[in-house]
Amino acid sequence: MCRQVFGFRLAMIALAAPSALLNAAPGLGVRLVAAAVVVTFMASYALFRDWERFGPLLLRHPTLLAVDTLLGSLLLISAGPDTTLAYVSVCTPLLAGIVYSWRGAACFASLQALILLLVHGVQGGTAAPAEALLLPGLCVITGALGSTLRNLLLRFGAATQALTAVQSRLAVTEAVSAERARLAREMHDSVAKTLHGVALAAEGLAASADRMDPAGVEQQARVIAGSARRAAAEARDLLRDLRTDTAHDAAAHLADPDVLHRLATLTRRFTSTTGVPATYHLTGAEPAPRLPPGVTRQLLTIAGEALENAHRHAAPAHVDVTAGVQNGILHISVHDDGRGLPTGTTLDQLRRAGHFGLLGMVERAASVGARIRIGPGRRRTGTEVRLELPLPSREGDLR
């Protein structure tokens, strides 16, 4: 805003300089007026062009503006109060109000008004009192306007700073919430699931201990011990994930980037571990995509959670896993012929009931830009978890 005021001053000085030089007395008078023109013009130009550099000097030294005012009065006496140079005098109280608040505005408005009245007296003009008081009154008005603008700018700056602080706190809160949700998903899909299996195995061992031979008891105990060690390893992985780079850690745990090949391996492992028949079908004629490690990890975790949910909750006789790329979209489907989801099941109900498996699947899909559908599917029986991930058109976009 100060730069714009100085730009206006430059234009008025340039327009009024010829008149001031013509009306000046020959000899010393012309030299004084010319020096005043050069000084006021160059000072205004310097502040207009590089306010960030020279503006602080004007803020610290109000006497500089006072000197400029006196030099401007010399030009005003030479050119006369009826020229365009009179409008330069109006800028001085405006600048003082913006730079020095209402005290500076009052001081410079009074000084400029007094100078204008003296110029009228020296010129001996015959203007009416109302006309002679017009510019002095305008100086008072512009001084008040400058002070008001300063207050508005300060309040706007304070409001902007407060808004920035609030946005920063919100960003931190969102980051913390996102990290908490991620850790909750990892805990549910790794440590919590393994510990649940340990608990079931221990309960089964306790219930049948009186009917089992020592060799059977030893075998079950080894299974429980192995599961407990796996849970400890998964907990260490979570702690390592908190202390190291997430992308590097994911890449270190992902030797095979082919998501379709890893999905087939996951299906076979599910059958060998649970005894539930699961069949993997490859669809589509397009080649398997090479996805970033983090995306592949999330997709495989969703598929593994769908298989585990089918085994634990649906009591299926068979599970079908299909995957493939069609029309630039990666399709993954896990369908079981079990009892299906209860009617009217929603994510909010599951969250309130403490069941976070489906919620974690939805959050994981959203984190990689995939669409997920959970329900009866096209077969109207059982439950189908269907993922659709749009693939970039260029391989470079996957990096």
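In this predicted model, the largest nonpolar core is made up of 32 residues. Leu263, Leu291, Leu299, Val319, Leu330 and Leu389 are the ones with the most contacts inside this core. Helices and strands both feed into the core: at least two residues come from each of α10 (259-274), α11 (293-314), β2 (319-326), β3 (329-336), α13 (357-367) and β5 (383-390). The top contributor is α11, which puts eight residues into this core.

That isn't the end of the nonpolar packing. There is a second core, separate from the largest one and built from 15 residues. Val5, Trp51, Leu95 and Phe108 are among its members.

Turning to the backbone, most residues other than glycine have a negative phi. Two residues go the other way, and their settings are worth setting side by side. Ser101 is not a glycine, yet its phi is positive, at about 70°. This serine sits in helix α5, which covers residues 86-123. With a relative accessibility of 18%, Ser101 counts as buried, because the cut-off for buried is under 20%.

Ala315 is likewise not a glycine, and its phi is positive too, at about 50°. Here the residue lies in a loop, the one between α11 and β2. Its relative accessible area comes to 54%, so Ala315 is classed as exposed, the threshold for that label being over 50%. In short, Ser101 is a buried residue in helix α5, whereas Ala315 is an exposed one in the α11-β2 loop.

Definitions and conventions:
Residues numbered from 1 in each chain as written. Predicted model: local features only at pLDDT ≥ 70, side-chain atom pairs only at ≥ 80, totals over all residues. Heavy atoms only, no water. Core = buried A, V, L, I, M, F, W, Y, C linked by side-chain atoms within 4.5 Å. Buried < 20%, exposed > 50% of the residue type's maximum accessible area, 1.4 Å probe, protein only. Helix = DSSP H or I, 4+ residues; strand = E, 2+ residues; numbered from the N terminus.
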